[in-house]
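Let's take a walk through this model together, with the side chains switched on. Have your viewer ready, and we will go from one spot to the next.

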Amino acid sequence: MYRLAGVPPPDCLDLRAAWLQLAPQVPAWERTPEQGVVSHRSAAALYGLGHLPADRHEFTLPERRQSRRPDVRLHYREVRPDEWIVLHGMPVTRPPRIAADLMDDKEDPEAVAQVIADALRPRL
């Protein structure tokens with residue numbers, strides 16, 4: 001990843017770097033969900049939904065892979081085409097999928113309810 005001097009850093013630089021490291025051989029503009037989709041708490045944070053801390057970078061992949069980064073958590077499940085969009089230049093799961101993923105991950109139901117309530121507000 002390159003940056004121009006004097007230009008402010010892009011949004012979510014750490015998350016973007018972790019996403020790029022999932023498939024370093026594939027340029028960002030050629031990636032598909034098979035190379036990783038931002039999901040769970042990381043996706044909620046990108047949308048500004050709820051109050052769950054995104055203390056790790058979370059991604060969903062269709063098949064098992066490993067990351068050496070301790071701040072990355074990988075989930076293994078298919079992501080259908082209607083379950084993600086491009087946000088901040090990365091594929092990110094949509095709010096309904098975020099809520100389902102968080103519930104599958106045994107997150108606090110009240111925290112997930114806040115994510116859902118925020119998603120239902122008119123801004124989204």
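Our starting point is the lining of the largest cavity, whose residues divide into 5 nonpolar, no polar and 3 charged. Keep in mind throughout that this is a predicted model. The residues that line this cavity are Pro-33, Glu-34, Val-37, Leu-61, Pro-62, Arg-77, Glu-78 and Val-79. Its volume comes to about 40 Å³. How many cavities of 30 Å³ or more does a search of the whole structure find? The search turns up 1. As a general reminder, rolling a probe the size of a water molecule over the atoms shows where empty space is left.

Now stay with Arg-77, one of the lining residues, and follow its side chain. Arg-77 meets the side chain of Asp-104 in a salt bridge, with 2.9 Å from N to O. Why is this pair of interest for the fold? Asp-104 belongs to helix H3 (residues 95-104), whereas Arg-77 sits in the loop between strand E3 (72-76) and strand E4 (84-87), so the salt bridge ties together parts that are 27 residues apart in sequence. The two partners also fall into separate accessibility classes: Asp-104 is exposed, at a relative accessible area of 51%, and Arg-77 is partly exposed, at 37%. If you like to check thresholds, exposed means over 50% and buried means under 20%.

Helix H3 has another contact to show you. Within this helix, Arg-97 and Asp-101 are 4 residues apart, which means that about one helical turn separates them. Arg-97 and Asp-101 form a salt bridge, and their closest N and O atoms are 2.8 Å apart. Are these two residues buried or exposed? Both Arg-97 and Asp-101 are buried.

These contacts belong to a wider arrangement. Salt bridges that share partners join Arg-77, Arg-80, Asp-82, Glu-83, Arg-97, Asp-101 and Asp-104 into one network. One of its links is the salt bridge between the side chains of Glu-83 and Arg-80, at 3.4 Å from N to O. Here Glu-83 is buried, with a relative accessible area of 12%, while Arg-80 is partly exposed, with 47% relative accessibility. Across the model, the count comes to 12 salt bridges.

Next, let's turn to the aromatic rings. How many aromatic pairs does a search of the whole structure find? The result is 0. A ring does take part in a contact with a charged residue, though: Arg-31 lies over the face of Trp-19, at 4.7 Å from the ring centre.

Finally, have a look at the backbone, where two histidines deserve a stop. His-40 has a positive phi of about 55°, although it is not a glycine. His-40 is found in helix H2 (residues 40-47), and this histidine is buried, with a relative accessible area of 5%. What is the phi of His-88? The angle is again positive, near 55°, in a residue other than glycine. His-88, however, is placed in the loop between E4 and strand E5 (90-93), and it is partly exposed, with a relative accessible area of 33%.

Methods
Residues numbered from 1 in each chain as written. Predicted model: local features only at pLDDT ≥ 70, side-chain atom pairs only at ≥ 80, totals over all residues. Heavy atoms only, no water. Phe/Tyr/Trp six-rings, centres within 6.5 Å; stacked < 30°, edge-to-face > 60°. Lys NZ or Arg CZ within 6 Å of the ring centre and 35° of its normal. Salt bridge = Lys/Arg side-chain N within 4 Å of Asp/Glu carboxyl O. Buried < 20%, exposed > 50% of the residue type's maximum accessible area, 1.4 Å probe, protein only. 1 Å grid on protein atoms, 1.4 Å probe; cavity = no way out; pocket = protein on both sides within 12 Å on 5 of 7 lines; lining within 4 Å. Points joined across faces, edges and corners; volume = space filled by probe spheres on them. Nonpolar A, V, L, I, M, F, W, Y, C, P; charged D, E, K, R; others polar.
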